[in-house]
Amino acid sequence: MSHMSQDELVKQWESQQASMRQLLVEEDTEDWQRSPDFTGLERVGGVDLSYIKGDDVNACAQLVVLSYPNLELLYEDSQMVTLNAPYIAGFLAFRETPYLLEALQRLEKTQPNLLPQVVLVDGNGLFHYREFGLACHLGVLSGLPCVGVAKNLLQVQGISNSQQHQLQIASLQKGGDSFPLTAASGKVLGKALRSSDRSTKPVYVSVGHRISLETALRLTHTCCRYRVPEPIRQADVRSRVYLRLHFPAAAES
DNA sequence: GCGACAG
DNA sequence: ATCTTGTCGC
């Protein structure tokens, strides 16, 4: 395994994505998802990894669980991890998923009553080269409903950061406004969402697993106090604080 | 060769 | 992802 070239590794990974892709569920499967006000939804998870500058292998994996709809912290877990896989665009999941899964498993083992009913993931879901981004990967392996929320546009399947795209962004008037991200095939892979009235730059929402795009969009919007939805923002903030606390010297060299 | 490249 | 201070506005 360690003698594999990056070329062979990528082929291996592509094949794994293709097989897991068949297990993906792109529709609502939960009762709360059908409710106009998400009645029955009480816990939303957020996951993220924070990195140390100039360090390719040490990172902090973070899971938070917030109450819904008040978005108050119910649970958090920070864990230093050693990364095995390199970052290659289109294969982020192979780098990060193992540690996010471990965090979910620790929670399931110790306080199963706090398991999130849906997880917001820092990265794309279906909006991906092969329609199987990090949020899909984590969703299929955990079995939990997942939503992908990316902060930057991934230019895939004919979708590009063109003048047309910029005009569409400019046309978003208020928080909750959105426009579809349509692949060359005609399939809508995700939506660009103006997440709050104050933010100009949209976030890119896509289906991870066991949720429809419309529901994913509505959920993401209702989780936004700022541009980045609160579960992901909290995971990001708290994992950074953890690194500062445990690796204060990591700011040198 | 040039531009893109989630995190 | 990470590097970083100030600045403008409410």
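**Protein–DNA contacts and buried charge in a predicted model**

Of the DNA strand B atoms within 4 Å of the protein, 55% belong to sugar or phosphate and the rest to bases. The model is predicted. DNA strand B is surrounded by 18 residues. Closest are Tyr87, Gly90, Lys151, Asn152 and Gln155. The side chain of Tyr87 places an N or O atom 2.6 Å from a phosphate oxygen of this strand. Bases of DNA strand B are also contacted, through the protein backbone. A polar backbone atom of Phe91 is 3.2 Å from a base nitrogen. A backbone N or O atom of Leu92 likewise lies 3.2 Å from a base nitrogen of DNA strand B.

DNA strand C has another contact profile. Of its atoms within 4 Å of the protein, 100% belong to sugar or phosphate. The surrounding residues are Ser50, Tyr51, Lys53, Lys151 and Arg240. Two side chains of this group approach phosphate oxygens. For Lys151, an N or O atom of the side chain is 3.4 Å from a phosphate oxygen of DNA strand C. For Arg240, the corresponding distance is 3.3 Å.

Lys151 also appears in the charge pairing within the protein. In general, side chains of opposite charge can pair when their charged atoms come close. The whole structure holds 14 salt bridges. One of them joins Asp122 and Lys151, with N to O at 2.7 Å. This pair links distant parts of the chain. Asp122 is in strand 4, and Lys151 is in the loop between strand 5 and helix 5 (163-170). The two are 29 residues apart. Asp122 is buried, at 15% relative accessibility. Lys151 is partly exposed, with a relative accessible area of 31%.

A salt bridge also connects Asp77 and Arg106, whose closest N and O atoms are 2.8 Å apart. Asp77 belongs to strand 3 and Arg106 to helix 3, so this pair too links distant parts of the chain, 29 residues apart. Asp77 is buried, with a relative accessible area of 10%. Arg106 counts as partly exposed at 28% relative accessibility.

Lys174 and Asp177 form a further salt bridge, with 3.0 Å between the closest N and O atoms. Lys174 is partly exposed, with a relative accessible area of 47%. Asp177 is buried, with a relative accessible area of 17%. Elsewhere, salt bridges with shared partners join Arg21, Glu26, Glu131 and Lys187 into one network.

Glu131 has a backbone feature as well. Its phi is near 55°, a positive value in a residue other than glycine. Glu131 sits in the loop between strand 4 (118-122) and helix 4 (134-142). At 14% relative accessibility, Glu131 counts as buried. Phe38 also has positive phi, near 60°. Phe38 is placed in the loop between helix 2 (31-34) and strand 1 (43-51). It is buried, with a relative accessible area of 3%. A cis peptide bond runs from Tyr68 to Pro69, with omega near 10°. Pro69 lies in the loop between strand 2 (58-67) and strand 3 (73-82).

Glu96 is a buried acid without a salt bridge. The nearest side chain of opposite charge, Arg95, is 5.6 Å away. A salt bridge requires a nitrogen–oxygen distance within 4 Å. Glu96 is found in helix 3 (residues 92-110). Its side chain makes a polar contact with the side chain of Tyr51, at 2.6 Å. Beyond residues up to four places away in sequence, Glu96 touches Leu49, Tyr51 and Leu134. Tyr51 is also among the residues surrounding DNA strand C.

Ala150 lies in strand 5 (residues 146-150). Ala150 counts as buried, at 5% relative accessibility. Its C-alpha is 5.0 Å from that of Tyr204, although the two residues are 54 apart in sequence. Apart from neighbours within four places in sequence, Ala150 is in contact with Gly123, Asn124, Val203 and Tyr204.

The disulfide count is zero. Cys146 is in no disulfide, and the nearest cysteine sulfur, that of Cys136, is 8.7 Å away. Cys146 is buried, with a relative accessible area of 1%. The sulfur of Cys224 is 7.1 Å from the closest cysteine sulfur, in Cys223, and therefore too far for a bond. At 15% relative accessibility, Cys224 is buried as well.

Definitions and conventions. Residues numbered from 1 in each chain as written. Chains lettered and ligands numbered in written order. Predicted model: local features only at pLDDT ≥ 70, side-chain atom pairs only at ≥ 80, totals over all residues. Heavy atoms only, no water. Helix = DSSP H or I, 4+ residues; strand = E, 2+ residues; numbered from the N terminus. Buried < 20%, exposed > 50% of the residue type's maximum accessible area, 1.4 Å probe, protein only. Lys, Arg positive; Asp, Glu negative; His and termini not counted. Polar contact = N/O pair within 3.5 Å; in protein donor to acceptor, adjacent residues only side chain to side chain. Contact = heavy atoms within 4.5 Å. Disulfide = S-S within 2.5 Å. Near = heavy atom within 4 Å.
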